[in-house]
Amino acid sequence: MKLETLAIHCGNIVTDSEKPVVQPIALSTTFIHQPDSMIYSRANNPNRAALEKLLAALEMGEDAAAFSSGNAAGVSVFQALEPGSHIIAPDDMYHGLKKGILTLFAGVLEASFVDMTDLKAVENAFQPNTKLVWIETPSNPLLKITDISAVAQMAKKRNVIVACDNTFATPVFQNPLNLGADIVMHSSTKFFGGHSDILGGALVTKVKDAFWEKVKNVQTTGGAVPSPMDCYYLCRSIKTLPYRMKGHAEHAMVLANFLSQYEGVEKVFYPGFKEHPGHEIATKQMTGFGGILSFQVKGDAAKADLVISKLKYFTNATSLGGVESLIERRAASEGPDTLTPQNLIRVSVGLEHLDDLLEDLDQALK
C-alpha cells in the first residue's frame with residue numbers, strides 16, 4: 001500500500017461481530033483471561049494496538065510504542081540507557097526534552113549539546129561511553145537540517161544508537177529509518193493529531209532488538225500510555241495526514257516567500273528556500289519541507305510581540321501541527337535560558353485560505 005492508503009486502512013482493526021467500518025473504542029481496562037489475549041489496558045489495548053501497527057507501517061519500522069505525550073516518548077529512550085551513558089544531542093534541541101536530560105537524568109546520564117549541522121563537531125563529541133545520538137531535523141524553532149545518513153554512519157562505526165525526532169517532517173516527508181536511524185520519535189500531539197485536541201507521543205523502531213525491549217518495558221511498566229480514546233482519535237486523524245501535510249507545506253512555502261520580501265522582516269528560516277544552509281541536504285532526505293517556519297522581525301522582543309498582537313487569523317499559542325495557524329514568540333515560551341533570538345516568531349502554518357493568511361500578515365507587519 002502507498003502512504004495515503006496505509007494512513008486510511010492500516011489502523012482499522014475490527015474485531016466486533018457486527019463488523020463496523022470504523023474500529024470501535026475499547027474502554028475496558030481489563031480482559032477475560034484466555035490464551036494469547038490482552039490482559040490489562042496499561043500493557044495493551046485494541047485501540048493502542050491498532051495505532052502502533054499504523055505508526056510502524058507509516059515509518060517503515062518493525063514495531064511502535066505509543067505514549068501519553070511526546071516528552072514521555074523521548075524520556076523513555078533516555079530511561080532505557082544504562083546509568084553513566086553519554087548522549088550527543090542538538091544544541092537547539094526541543095527545550096522540553098533538553099530539560100528532561102538536564103533535570104530528570106542529572107547525575108545519571110551525561111550529554112553534549114552540539115551544532116548537528118557541523119559534522120566535525122558531531123564527530124568530536126563522541127566519547128567512549130557514548131550510547132545515543134539524538135537527531136532533530138528539521139529542528140525547533142530554527143529549522144536546522146541534520147544530515148541523518150552522515151551522522152548515522154558515524155554512530156554505526158561506534159555501535160551507538162541513533163534516534164531521530166521526526167515531528168516536523170512526519171513520515172509524509174521523511175523516513176529516518178531508511179536513512180540509518182534506529183528509532184524515530186514523534187510528538188503525535190502535533191501533525192498526527194492535527195487538530196490541537198489530542199496529547200500523545202510515539203516511538204518506532206527499525207528492529208525489535210534488546211534495547212527496544214527496554215524501551216517497551218519503560219512504556220508498559222512505567223505506564224505513560226495514551227487512553228483508548230486518544231488512540232482512536234489519532235487513528236482517525238492520521239487518515240487525513242498525507243493530504244494535510246501537503247497543504248501545510250504548500251502554504252508554508254508561499255508565506256515564507258512573502259515574508260522574505262517584506263521590509264520589516266530581518267530573516268526567514270524555512271528549508272524550502274534555496275538560500276537555507278540546509279536546503280541541499282533537506283532536498284536529498286525529504287520529499288517536502290513541512291508546515292513550520294520561523295522569522296525574525298526587525299526590532300526587539302517588544303516589536304515581535306506587537307506584530308503578533310495585531311494578527312486576526314494566527315492564534316498566539318504554543319504547539320503546532322493543527323489545521324489552524326498558530327504563532328508565538330518562541331523565546332518567551334522557552335524561558336530565561338533559551339538560545340532562541342528574542343525577536344524570532346515561530347509559525348505553524350495552517351490550512352486557512354492563503355489569501356486570508358497573507359492579508360493578515362501584511363496588515364500586522366505594517
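Two residues are in contact when heavy atoms of theirs lie within 4.5 Å. In the predicted model described here, T137 touches K144, I145, T146, I148, C164, D165, N166, Q174 and Q285, with residues up to four places away in sequence left out of the list. The residue T137 belongs to the loop between β4 and α6, and because its relative accessible area is 0%, below the 20% under which a residue is called buried, T137 is buried. One of the residues that T137 touches, T146, also takes part in a polar contact, since its backbone nitrogen lies 3.0 Å from a polar atom of the T137 side chain.

The loop that holds T137 shows further backbone features. The peptide bond from T137 to P138 is cis, with omega near -10 degrees, and P138 is found in the loop between β4 (130-136) and α6 (148-157). A cis bond is also found from N140 to P141, where omega is near 10 degrees, and P141 again lies in the loop between β4 and α6. L143, which is placed in the loop between these two elements as well, has a phi near 55 degrees, a positive value in a residue other than glycine. With a relative accessibility of 1%, L143 counts as buried.

A positive phi is likewise found at K19, where the angle is about 55 degrees although the residue is not a glycine. The place of K19 is the loop between α1 (3-9) and α2 (46-58). K19 has a relative accessible area of 59%, and because a value over 50% is called exposed, K19 is exposed, whereas L143 is buried.

The search for enclosed space gave 1 cavity of 30 Å³ or more, and the largest cavity holds about 30 Å³ of space. The lining of this cavity is made up of P90, D91, D92, D115, M116, T117, E136, S139, K144 and T146. By residue type, the lining divides into 2 nonpolar, 3 polar and 5 charged residues. Among the lining residues, K144 and T146 are also residues that T137 touches.

Attention now turns to the strands. In general, strands of a sheet pair through backbone hydrogen bonds, either parallel or antiparallel. Strand β6 (residues 183-186) takes part in both kinds of pairing, for β5 (residues 161-165) and β6 run parallel and are joined by 3 bridges, while β6 and β7 (residues 201-205) pair in the antiparallel sense over 4 bridges. In the parallel pair, A163 stands opposite I183 of β6, and in the antiparallel pair V184 stands opposite V204 of β7. Both faces of β6 are covered, as I183 and M185 on one side and V184 and H186 on the other are all buried. Strand β6 is also one of the elements against which the buried residues of helix α4 pack, the others being α3 (70-79), β2 (86-90), β3 (110-114) and β4. In α4 itself, which spans residues 95-104, the buried residues are G96, L97, K98, G100 and I101.

Elsewhere in the chain, 5 strands form an open sheet in the order β8-β9-β12-β11-β10, with mixed pairing. The strands β8 (265-269) and β10 (315-316) stand at the edges of this sheet, and because each has a single partner strand, one side of each is left without a neighbour in the sheet. The partner of β8 in the sheet order is β9 (residues 292-297), and the two strands pair in the antiparallel sense over 4 bridges. Within this pair, the bridge partner of V265 is V297 in β9.

A last set of values concerns R236, which lies in helix α9 (residues 228-238). At 34% relative accessibility, R236 counts as partly exposed, because this value falls between the 20% and 50% limits that separate buried from exposed residues. The C-alpha atom of R236 is separated by 29 Å from that of A282, a residue 46 positions away along the chain.

Notes: Residues are numbered from 1 along each chain as its sequence is written. This is a predicted model: local features need pLDDT of at least 70, side-chain atom pairs count only at pLDDT 80 or more; totals for chains, interfaces and linings use all residues. Side-chain values use heavy atoms; hydrogens and water are left out. Buried means under 20% relative accessible area, exposed over 50%, partly exposed in between (1.4 Å probe, protein chains only). Two strands pair if DSSP finds at least two bridges between them. On a 1 Å grid over the protein atoms alone, a cavity is a set of points where a 1.4 Å probe fits but cannot get out, and a pocket is an open set with protein on both sides within 12 Å along at least five of seven lines; lining residues have an atom within 4 Å of a point. Grid points are joined across faces, edges and corners, and a volume is the space filled by probe spheres set on the points. Ala, Val, Leu, Ile, Met, Phe, Trp, Tyr, Cys and Pro count as nonpolar, Asp, Glu, Lys and Arg as charged, and the others, Gly among them, as polar. A polar contact is a pair of N or O atoms within 3.5 Å; within protein, one must be able to donate a hydrogen and the other to accept it, and residues adjacent in sequence count only if both atoms are side-chain atoms.
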